Amino acid sequence: MTHWIIAPVVLPALLAPFIVLAARYHIGIQRVFSIAGVLALIFVAAGLAWQASDGTITLYQLGDWAAPFGIVLVADRLSTLMVLLTAVLALFVLLYAIGSEWDNRGRHFHALFQFQLMGIMGAFLTGDLFNLFVFFEVLLIASYGLMIHSGGNARLRAGVQYVLFNLLGSTLFLFALGAIYAEAGTLNMADLAQRVRLIDGAETVGIRLAAVLLLLVFAIKAAVLPLHFWLPSSYAEAPAPVAALFAIMTKVGAYAIIRVYTMIFSPDLDVTAGLHTTWLMPAALASLAIGMIGVLAARHLDRLVAFAVIGSMGMVMVAISLFTPTSITAALYYTVHSTLAAAALFLIVDLVRTGRADLNLIAQPVVPGAALTSALFFLAAIAMAGLPPLSGFVGKLLVLDAAFSTSAAAWIWAVVLSSSLICVVGFSRAGSTLFWKAKSMPVADEPAETTAATPAPATLSYVAVGGLLTLLVAHTVFAGPATAYMADISDQLFNPEPYIETVLDTPGKLSTPKEGY
Amino acid sequence: MELLVASAIGILTAGGIYLMLRLRTFPVILGISLLTYAVNVFLFASGRLSIGAPPILRDGIEVYADPLPQALVLTAIVISFGMTAVVVMIALGAYLGSDDDHVDDAINKPSTGTGDAT
């Protein structure tokens with residue numbers, strides 16, 4: 001079974017050039033291969049998740065080189081969960097892209113989509129920091145292509161900002177990696193976890209600098225407050241299915257923070273003690289607040305959803321920054337919820353766009369398919385705002401519960417509860433303007449022409465959105481087993497010894513001369 | 001030599017950041033390139049500086065250069081090269097399309113914000 005770990009990386013990596021080379025001009029064949037690839041990914045990911053569910057940590061040594069020297073892929077509970085989440089999200093996003101013909105509005109959508117999946121999967125599975133950088137770049141370069149898919153001025157301009165911001169982030173990442181290598185002499189995560197502990201207390205300047213730089217890089221990816229500027233315009237201008245897929249990209253940053261700051265710079269480490277509570281927590285609370293205020297202030301529906309994403313990332317980061325087992329459990333539950341809810345909302349934004357000239361929050365006459373779209377929007381908004389009965393409510397409850405006994409409880413409770421209220425107001429204002437007031441609007445002068453020109457969205461689009469919302473409902477109904485599993489994950493994260501032993505003690509080439517190093 | 005390398009990294013970084021704050025695409029791209037040069041030298045120096053030392057184990061040699069940062073720098077160079085090419089193309093497209101090379105969208109804001117409504 002060990003070789004299956006690399007399948008989520010290799011499969012899209014082979015499929016993408018195949019689609020470019022062999023099916024370049026046949027959108028039908030591209031669609032078939034893309035869907036087949038994603039279905040296969042789901043099976044592989046489910047298999048890996050099942051394998052890891054009993055706590056097994058599976059190691060894959062590339063080229064059979066032993067751990068600190070070679071690159072390793074590691075499948076534990078957390079990474080397989082994220083891989084499975086990505087694969088499932090990709091299926092629905094792909095269905096929507098096909099149903100709404102987005103993939104046909106420019107070239108190479110499916111190839112870039114597969115490359116993007118390859119990067120995301122690799123980032124979740126790798127056990128090496130430099131390899132994480134490489135997979136970040138793979139997913140970023142594919143996302144640059146997807147971001148400006150089907151062109152247009154506004155999209156290109158937003159694309160330039162997005163690319164430049166991320167290039168800067170990559171440069172910071174390299175500075176952090178250089179500093180870590182200079183201090184610890186390794187970039188393997190398990191090896192680092194051991195060596196960082198050995199650094200002399202008086203000589204920690206370099207490693208502290210590296211820890212902060214690394215946190216900065218992951219915070220850019222996760223769009224935590226002072227570094228969130230790239231997100232609203234790029235997510236709002238990106239094609240809808242791409243924005244929905246990007247919902248997992250912010251989670252890559254959250255995943256990297258969880259992974260690196262539980263294993264390498266763990267909360268009990270003297271060197272980086274206080275980093276999370278002093279810096280991450282206020283930033284997370286601020287981005288939660290600003291995100292939800294942005295929801296209320298937005299004048300366009302797409303920006304509104306983008307700010308909701310910032311808010312929900314703030315929520316995830318609040319839970320992460322507590323760094324207790326229960327808070328990580330809550331963060332993981334909320335991560336899954338927030339990915340599905342944000343993706344569904346971005347797709348619904350595109351459904352709303354169908355038949356409208358723009359996404360300004362101004363009442364316009366009713367368009368075909370508005371009834372179903374508004375019902376879906378209602379559900380997704382409930383989930384995103386965290387109202388009962390959907391999973392957002394359960395997630396927020398878990399976060400509040402985890403924060404209850406900490407010293408920052410008053411702040412967290414105040415910000416989470418008041419921002420939820422603001423978010424509810426923002427979403428209900430948007431929904432009532434878009435869907436209710438539409439009924440009272442006079443029908444346009446040339447009704448026959450407009451209705452003929454804009455048919456209702458395709459059934460497949462609704463299937464995709466409905467599928468995502470069904471997953472959200474399932475995430476709520478099975479909240480008990482889900483939280484139990486997330487608790488297992490955070491248990492594994494806070495006891496990294498088996499992970500470190502598996503990575504470092506598995507024999508391979510060059511595994512013997514460890515003492516002489 | 002340490003002073004030379006350190007000041008080179010510092011000057012490249014300072015120049016890169018200054019150019020990036022100009023907020024027009026061409027200076028920003030140049031600034032990012034300078035920053036990537038700075039980071040490449042920084043990565044190179046992270047394996048400690050040594051002159052004329054071989055990177056491969058051989059008999060009778062005591063001082064070695066660390067080969068790993070060199071491999072890392074190669075990867076970083078290739079990636080930043082590709083990324084720069086991509087960003088030049090996208091920026092060129094954006095410039096030709098909107099006849100404006102500002103990276104921030106402050107100038108274009110009225111046309112995207114209220115222009116859509118009318």
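This is a short dialogue on reading a predicted model.

Biologist: Where is Gly63(A) placed in chain A?

Modeller: Gly63(A) sits in the loop between β1 (58-61) and β2 (72-75) of chain A.

Biologist: Is Gly63(A) buried or exposed, and why?

Modeller: Count the neighbours: a residue with 12 or fewer other C-beta atoms within 10 Å is exposed. Gly63(A) is exposed because 9 other C-beta atoms lie within 10 Å. As for distance, 54 Å separates its C-alpha atom from that of Asn360(A), 297 residues further on or back along the chain.

Biologist: How do I read a helix such as α4 (residues 109-125) of chain A?

Modeller: An α-helix has 3.6 residues a turn, so residues three or four places apart point the same way. Helix α4(A) has 17 residues and spans 24 Å from first C-alpha to last, close to the 24 Å expected. As to cover, 17 of the 17 residues of α4(A) are buried.

Biologist: Which helices and strands does chain B have?

Modeller: Chain B has four helices and zero strands, in the order α-α-α-α. Of its 118 residues, 29% count as buried.

Biologist: How many residues of chain B are in contact with chain A?

Modeller: The size of an interface is often given as the accessible area lost when the parts come together. Here we count residues instead: 30 of chain B are in contact with 27 of chain A. Helices α2 (25-45) and α3 (67-98) of chain B each supply at least two residues of that side, and the largest share, 15 residues, comes from α3(B). By class, this side of chain B has 18 nonpolar, ten polar and two charged residues.

Terms used
Residues numbered from 1 in each chain as written. Chains lettered and ligands numbered in written order. Predicted model: local features only at pLDDT ≥ 70, side-chain atom pairs only at ≥ 80, totals over all residues. Buried ≥ 20, exposed ≤ 12 C-beta atoms within 10 Å, placed from the backbone. Expected span 1.5 Å × (residues − 1). Contact = placed C-beta atoms within 7 Å. Nonpolar A, V, L, I, M, F, W, Y, C, P; charged D, E, K, R; others polar.
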